[in-house]
Amino acid sequence: MTAATPKGERRRQALVEAAAGLLVDGGFDAVRHRAVAERAGLPLASTTYYFDSLDDLVTAALELHGEGELAYGKARLTELDVEACGGDAFIDLVLDLLLGPPAGDRDAEAVLLRYERLVATGRRPYLRPLMRRLSGELHGLLIEIFARAGLPVGRERVEELIALVDGAVVNALIEISPDPRASARRMLAKAMPPR
């Protein structure tokens, strides 16, 4: 990997951003050297110049995307209106962290791609340390959100709520529901601890 100059850093970052976009739009199979270079507007050789392997590029892309989602959640946490906690705005914030922000009329597809991506990380052992770290940070952020909302829960309860959302989403996807987010919202609303 080489990127010692400012120009090199910019090019490397452009490749990571392009790979992250491809990962979100099409999953791991979409992240190929040629596709990344084309999306970044750089020569094909740049992917192997700045990254030792495609696995390194995928790891950097997944890290960029995951950290971006965590930053989004932290920003939303600072805006959290405690008076609205327990209501739709609070549930939407939790769902946005677990399912990604709503993608309009593409939301069901975006949620499906997210779950495909999450499941596919299990087939990539090189991603396990990163996924453990990002998952730990997500759990910590959710605990903080619940605490700020006056709904203190422990790590075990957060894991249960995530499993509930995951189950609702997977069932909705199996049933080819046009709105898996709504299924998850209903289940999460029923399971919310009292304030």
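## Leucine 57

L57 has a relative accessibility of 0%, and therefore counts as buried, since buried means under 20% relative accessible area. The model in which L57 is described is a predicted one. Helix α4, which spans residues 54-78, holds this leucine.

Apart from neighbours within four places in sequence, the contacts of L57 are L15, V16, A19, V36 and F51. A separation along the chain can also be set beside one in space: L57 and I91 lie 34 residues apart in sequence, and their C-alpha atoms are separated by 34 Å.

## Annotated regions

Two annotations come from an unreviewed UniProt entry. The annotation "domain: HTH tetR-type" is listed there for residues 9-69. Across residues 9-69, helix accounts for 77% of the chain and strand for 0%, while the C-alpha atoms at the two ends are 22 Å apart.

The UniProt record, an unreviewed entry, also gives a "DNA-binding region" at residues 32-51. Over residues 32-51 the chain is 65% helix, with 0% strand, and a distance of 12 Å lies between the end C-alpha atoms.

## Histidine 139

H139 belongs to helix α7, formed by residues 128-148. Is this histidine buried or exposed? With a relative accessibility of 13%, H139 is counted as buried, because the cut-off for buried is under 20%.

When residues up to four places away in sequence are not counted, H139 touches R155, V158, E159 and I162.

How values were computed:
Residues are numbered from 1 along each chain as its sequence is written. This is a predicted model: local features need pLDDT of at least 70, side-chain atom pairs count only at pLDDT 80 or more; totals for chains, interfaces and linings use all residues. Side-chain values use heavy atoms; hydrogens and water are left out. Helices (H or I, at least four residues) and strands (E, at least two) are DSSP runs, numbered from the N terminus. Buried means under 20% relative accessible area, exposed over 50%, partly exposed in between (1.4 Å probe, protein chains only). Contact means heavy atoms within 4.5 Å. UniProt positions are given in the numbering used here, feature names are shortened, and annotations may be inferred rather than shown by experiment.
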